[in-house]
Amino acid sequence: MECPYCRTNSSLLFIAQDYNRKLSNTPFSYYSCPGCHLIFLSPIPKDLSLYYPSTYYQNPSIEEIEKCSKHELFKIRMIQKFCTKGRLLEIGPSMGAFALLAKKEGFEVEVVEMDGNCCKFLREDLKIPAIQSNNASQAIQGQKPYDIIALWQVIEHLIDPWETLKTLIEDALLPGGLLVLASPNPDSLQFKLCKKRWPHLDAPRHLFLLPINHLIAFLTPLKMTLVLKTTTDKGAIGWNRFGWGKYLSNCVQNPLLKKLLDRTGGLFARGFSFMEKRKDLGSSYTLIFKKESY
Ligand SMILES: [Zn+2]
């Protein structure tokens, strides 16, 4: 199978299923590219909306989102190391916990979100301008450029993450602006151990797992410099805990046992946490790139 990014012939890594949501028994083939180290799903299902059920997005109250947004503070603090004000665009905000906090911290926030209910909530309840679209490259055309563009756990869902990132950088990011990316880490300890059953593979919703070095190699020629890299931020530690709990609960059928394992996964994770804190082994990475000023 040809790598969709660098066209190198790639071998089958494994055949997975939708272990997280069990929406079908369809097999999903993932390949590993020896050239650029991308992990990719092929073929991509024709209708991906089948794999995003109505329960994919929660239906919270404003109070609940405000409570959730407090847990997003670490994200804001990472960004504030480099930029403390200006226009911030978030792609794929879901119900807007991060967007709301960014707004409260003084950023001028706008979002692009594909889900209609989320957009309604963002606009009407959180008073955040929201463009409804599943195509960020098109959605940002004609918008005033931004100081910060953030994609939290989004690039792995995109049909063409490279084209999207390139367009966002070239058409919507100001010189000196920041691109903030967080995504599941294919170099993580969990992926090495859990392989096709790694919950953050999330077949078939995650179309790609992009290694950190793959993104650096792609973004550097676009005049983007890496200024922050971590796999041990608060988000990654949360995803480590979630990953172990979900891995265990996916292995059992009994609903009570499932719930218990979902909740106690964190305890199990403690045994691994000292290893996951080592260089680049956490289950998710956060990267901040800065666009060249000119
Ligand atoms: Zn490749």
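# A walk through the predicted fold

The place of aspartate 280 is in the loop between helix H10 (255-276) and strand E11 (284-291). Aspartate 280 is not a glycine, yet its phi is positive, at about 60 degrees. With 16 other C-beta atoms within 10 Å, aspartate 280 is partly exposed. Please keep in mind, here and below, that this is a predicted model.

Let us step back to the whole chain. The secondary structure of the protein chain comes to 10 helices and 11 strands. Along the principal axes, the C-alpha atoms of the chain fill a box of roughly 50 × 45 × 40 Å. A compact globule of 294 residues would have a radius of gyration near 19 Å, and the chain agrees with that, because its own value is 19 Å. Buried residues account for 42% of the 294 residues. Among contacts with a separation of 6 or more, 71% are between residues 24 or more positions apart.

A good place to enter the interior is strand E7 (residues 146-152). Seven of its seven residues are buried, so E7 is largely enclosed by the rest of the structure. Strand E4 (residues 86-91) runs parallel to E7 and is joined to it by three bridges. Within this pairing, leucine 89 has isoleucine 149 of E7 as its bridge partner. E7 also pairs in the parallel sense with strand E8 (residues 173-184), this time over six bridges. Here leucine 151 stands opposite leucine 181 in E8. To get from one strand to the other, look for helix H6 (residues 161-172): E7, H6 and E8 make a right-handed β-α-β unit.

Now return to E4 and follow its pairing with strand E5 (residues 107-113). E4 and E5 are parallel and share six bridges, with leucine 89 standing opposite glutamate 110 in E5. Leucine 89 is thus a handy landmark: its partners are isoleucine 149 in E7 and glutamate 110 in E5. Six of the seven residues of E5 are buried, which leaves the strand mostly covered. Helix H3 (residues 97-104) completes a right-handed β-α-β unit with E4 and E5. The chain then crosses from E5 through helix H4 (residues 116-124) to strand E6, again in a right-handed β-α-β crossover. E5 and E6 (residues 130-132) pair in the parallel sense over three bridges, and valine 112 has isoleucine 131 in E6 as its bridge partner.

What does the nonpolar interior look like? In soluble globular proteins, nonpolar side chains tend to be buried together. The largest nonpolar core here has 74 residues, of which Ala99, Leu122 and Ile149 touch the most other members. Leaving aside neighbours within four places in sequence, alanine 99 is in contact with Glu90, Pro93, Val109, Val111, Leu122, Leu126 and Ile128.

Turn next to an antiparallel part of the structure. Four strands form an open sheet in the order E1-E2-E3-E9, with antiparallel pairing. Its edge strands are E1 (11-16) and E9 (208-209), each pairing on one side only. Two bridges join strand E3 (residues 39-41) to E9, and isoleucine 39 stands opposite leucine 209 in E9.

Two cis peptide bonds are worth finding around these strands. The bond from serine 42 to proline 43 is cis, with omega near -5 degrees, and proline 43 lies in the loop between E3 and helix H1 (62-70). The bond from alanine 203 to proline 204 is also cis, with omega near -5 degrees. Proline 204 is found in the loop between helix H7 (189-194) and E9.

Helix H9 (residues 234-250) gives a simple check on helix geometry. At 1.5 Å a residue, its 17 residues should span 24 Å, and its end C-alpha atoms, 24 Å apart, agree. H9 is mostly covered, with 12 of its 17 residues buried; among them are Trp239, Arg241, Trp244 and Tyr247.

We finish with two glutamines in loops that flank E7. Glutamine 141 lies between helix H5 (136-139) and E7. It has 10 C-beta neighbours inside 10 Å and therefore counts as exposed. Glutamine 141 and aspartate 171 are 30 residues apart in sequence, but their C-alpha atoms are 7.3 Å apart in space. Glutamine 153 lies in the loop between E7 and H6. Its phi is near 55 degrees, a positive value in a residue other than glycine. Glutamine 153 counts as partly exposed, because it has 19 C-beta neighbours inside 10 Å.

Methods
Residues are numbered from 1 along each chain as its sequence is written. This is a predicted model: local features need pLDDT of at least 70, side-chain atom pairs count only at pLDDT 80 or more; totals for chains, interfaces and linings use all residues. A residue is buried if 20 or more other C-beta atoms lie within 10 Å of its own, exposed if 12 or fewer, and partly exposed in between; C-beta atoms are placed from the backbone. Two strands pair if DSSP finds at least two bridges between them. A crossover is right-handed if, with the strands pointing away from the viewer, the path from the first strand over the helix to the second runs clockwise. The radius of gyration is taken over C-alpha atoms; the globule rule is 2.2 Å times the number of residues to the power 0.38. Two residues are in contact if their C-beta atoms, placed from the backbone, lie within 7 Å. A nonpolar core is a set of buried Ala, Val, Leu, Ile, Met, Phe, Trp, Tyr and Cys residues joined through C-beta atoms within 7 Å. The expected span of a helix is 1.5 Å times one less than its number of residues.
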